[in-house]
Amino acid sequence: MENRVEYWVKIPIGPIHPALEEPEKFIITLDGERIVNVDVKLGYNLRGLEWVGMRRNYIQILYLAERICGICSFSHNHTYARAVEEMAGIEVPERAEYIRAIIGELERIHSHLLNLGVAGHAIGYDTVLHLSWLARERVMDVLEAIGGNRVNYSINTIGGVRRDIGEKHKRMILDMIKYYREEVMPKIEEIFLYDPTVEARLRDAGVIPKRIAIEYSAQGPTARGSGVEKDVRYNEHLGVYPDLGIKPITPKEFTGIIKGDVFDRMVVRVGELWQSMELIERALDQMPEGKIKAFPKDNVALVRLKKAEGEGIGRYEAPRGELVHYVMANPGSEIPERWKMREPTFPNLFAVARALVGEQLADVPVAIASIDPCLSCTDRVAVIDSKTGKKKILTEKDLLKASIEKTREINPNIKAKPEPIGGTCGGVRL
Amino acid sequence: MKILYVTVGLIAIYLYVSFASLLWEGLDRKLVARMQRRMGPPILQPFYDFLKLVSKESIIPRDANKFFEIAPILALAASIALLAYTPLGFEPILATKGDVIVFIYLLTLIAFVRVIGAVSSGSPYAQIGAQREIIMLASREVPMMLGLFTILWRLSKLGVEKPFSVGTFYQYNIWEIGTPLTIVGTFVLLMVFLLWLASEIEVGYFNIPEAETEVAEGPMAEYSGRHLALFKLSSALKEFASASLVVAIFFPWGVSGYLGLSGVGAVILDLVFHTLKAFAVLFVSMSIFRAITGRLRITQAVSMFWSRILPMSLIGVVLLVIDVLGVIA
């Protein structure tokens, strides 16, 4: 046939859709049930947090950072604290580092249990959702007992932690680990490693090959599921993690093969649940006695930070992948000059959008759920013309131009002449 | 006089089955909730939902055509007509020579009307849901019809007047034949029918056309208000009617005979007993199935029908055929 008619349909998944937890938009071009193209649109959840942050002092930003995300609230405030500590050269007491590790791993357990449930819901297996969220309640109770809140536990402060882990908490955590080891984990493994429905749906769905994972700089379980051994806690010798014997989890240890599909990402999460429990136990054993924060009062910390100069970068392996916070000091002021973060969902989202091409429509919800997207973390910038109210999309070229202008504005002494036209940037020819 | 009797009977049955099927929806939601360790909604929730939907405004999409509004009414009309041919512990009201075939036609017609309504709504989600519905329809009917007609053929060997009528099941019982081959064959066909029932009411593996997280309720995506209420009622009726067919084929026993009742009392008692049996079948095929499985991809579901369920049905058929023709034994 010469004139083959293509019955392509464009379907919007989002901004509001039952498969998505947060507003984001995927414009999916379909040929029948097969996906031909995926276009990602972001910016429905912009709250202008960086702008708000530029009007808060260092201590206040801690609590703002916590509210960036509803799940990894500890990760954001931990990473921000690390960035500020690096900027001001503050030494954190060792006990505080251990407490940070324990809370971080507790948070990982609750985040991964949540995501396992969401993946179950995405394939219509609601029993998995309800039972895994029921199991999650236990770790939420422990977090509430330690921090006073189920989600925003406000553990970190600049130069340490705000709350100690006492004997009572220790007993509670060990009880919880026992409950998970004996009652929850066997069931989770049964479902995510051996259940025929789960295997039929998750195997070979949304495959991100290792090459794509590296090219798109996928993070966290998404990268590890594709066989990239990438874990900031391990690669960067973060805090006390090397003493706890951390190593990146890949699906190879469980199933023997790495395919980079949704199944593998879930297997990584199951493995990390086991690992987190081990890490918590070791941390509780090795935890030394001593101070939990470097400064007795917050105002002492603020005085010290007022004198700080330069910039700091904090990195941490959040449950979804590597989280980076950047803080630039404004000497003489308690308000930072710049506060910027990069979330793991941003690279993961484009990696999974690439992976969906050629798959079926039925795989879209579960593939999106498998990277555990956190859009409230991701949305940073929306460029809107204030006169017409229209949204504008900036290309790489525009961004490069804008950043050269900004650099000139900050430091007019720079003599070098970058050439945006004709060069390459990140492998893309401009 | 007969017309009056039939009309009154049909209305009574319609009211009773509406009540029973909506009650089952509530029971199902409660039972599944308990299996998932949650409280679940009140048992009467489907009634509240129905009344609320009826009283709400129905939004018609701009791109919809006339069929969008007609389809719910046609679907409900088809399901009420279906009730006239549904075995409910006694022979259907409009029992004729070939009412089994009419039953299957009407059952399929409901799905077709849903598809027409979905296609007319102009929504891409509904479009995809309709495609999936048609694909499922084409796959699920074959093993079921093969099994159904084989059982009817086996029963006709016992000497019935109307071999293609539902009444056959109340004259003779497939288990009564009693030879080992029929029992095994019927058991295999029972499995086929339970899977068919699950796919007919679209739960568990087969919740593909209405996949909530994929295509936002598929064919029902654009329906709201009283149009949605009519569809909900018609699918509840269809659920009950499909389960009734399975009950009539495999578990046709009544209790009135043992208690020595006759007349209206016997009819009511049989109807109640039949309802309980239908609930039991739906419990296996709907509640448990829905709690322990997730949704398949459409390709996987179709290949399951053609490469698993159809051979299963063939095995049952071959066993029954061998029994009749006496090749072995």
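This dialogue walks through some features of a predicted model.

Visitor: What should be known before reading the model?

Guide: The model is predicted, and local features need pLDDT of at least 70, side-chain atom pairs count only at pLDDT 80 or more, while totals for chains, interfaces and linings use all residues. Residues are numbered from 1 along each chain as its sequence is written, and chains are lettered from A and ligands numbered from 1 in the order in which they are written.

Visitor: How are two packed helices described?

Guide: Two packed helices are described by the angle between their axes and the distance between the axes. Axes are lines fitted to C-alpha atoms, for helices over the stretch in contact, and angles run from 0 to 180 degrees between N-to-C directions. Helices (H or I, at least four residues) and strands (E, at least two) are DSSP runs, numbered from the N terminus. In chain B, helix 4 (residues 99–120) and helix 9 (residues 225–250) pack at about 150 degrees, with axes 11 Å apart. That makes helix 4 of chain B roughly antiparallel to helix 9 of chain B (angles under 35 degrees count as roughly parallel, over 145 as roughly antiparallel, 65 to 115 as roughly perpendicular and the rest as oblique).

Visitor: Which residues make the contact of helix 4 of chain B with helix 9 of chain B?

Guide: Helix 4 of chain B brings B:Phe103, B:Leu107 and B:Ile110, and helix 9 of chain B brings B:Ser234, B:Lys238, B:Ser242 and B:Leu245. Two residues are in contact if their C-beta atoms, placed from the backbone, lie within 7 Å. By class, this contact of helix 4 with helix 9 of chain B has 4 nonpolar, 2 polar and 1 charged residues (Ala, Val, Leu, Ile, Met, Phe, Trp, Tyr, Cys and Pro count as nonpolar, Asp, Glu, Lys and Arg as charged, and the others, Gly among them, as polar).

Visitor: At what angle do helix 1 of chain B and helix 11 of chain B pack?

Guide: Helix 1 (residues 2–35) of chain B and helix 11 of chain B pack at about 40 degrees, with their axes 10 Å apart. The two helices, 1 and 11 of chain B, are therefore oblique to each other. Residues of helix 1 of chain B that meet helix 11 of chain B include B:Trp24 and B:Leu31; the helix 11 side includes B:Phe279 and B:Phe283. By class, the contact of helix 1 with helix 11 of chain B has 10 nonpolar, 2 polar and 2 charged residues.

Visitor: How is a sheet read?

Guide: Strands of a sheet pair through backbone hydrogen bonds, either parallel or antiparallel. Two strands pair if DSSP finds at least two bridges between them. Chain A has an open sheet of 3 strands in the order 6-7-8, with antiparallel pairing. Its edge strands, each pairing on one side only, are strand 6 (311–318) and strand 8 (338–342) of chain A. The twist averages 15 degrees from one strand to the next.

Visitor: How many bridges join strand 6 of chain A to strand 7 of chain A?

Guide: These two strands of chain A, 6 and 7, are joined by 8 bridges, and they form a hairpin with 2 residues between them. A:Ala318 has A:Gly321 in strand 7 of chain A as its bridge partner. Strand 7 (residues 321–328) and strand 8 of chain A pair over 5 bridges in the antiparallel sense, and A:Tyr326 stands opposite A:Lys340 in strand 8 of chain A.

Visitor: How many residues does each chain give to the contact between chains A and B?

Guide: Chain B gives 21 residues and chain A gives 26 residues. Helix 8 of chain B gives the most to the side of chain B that touches chain A, with 3 residues.
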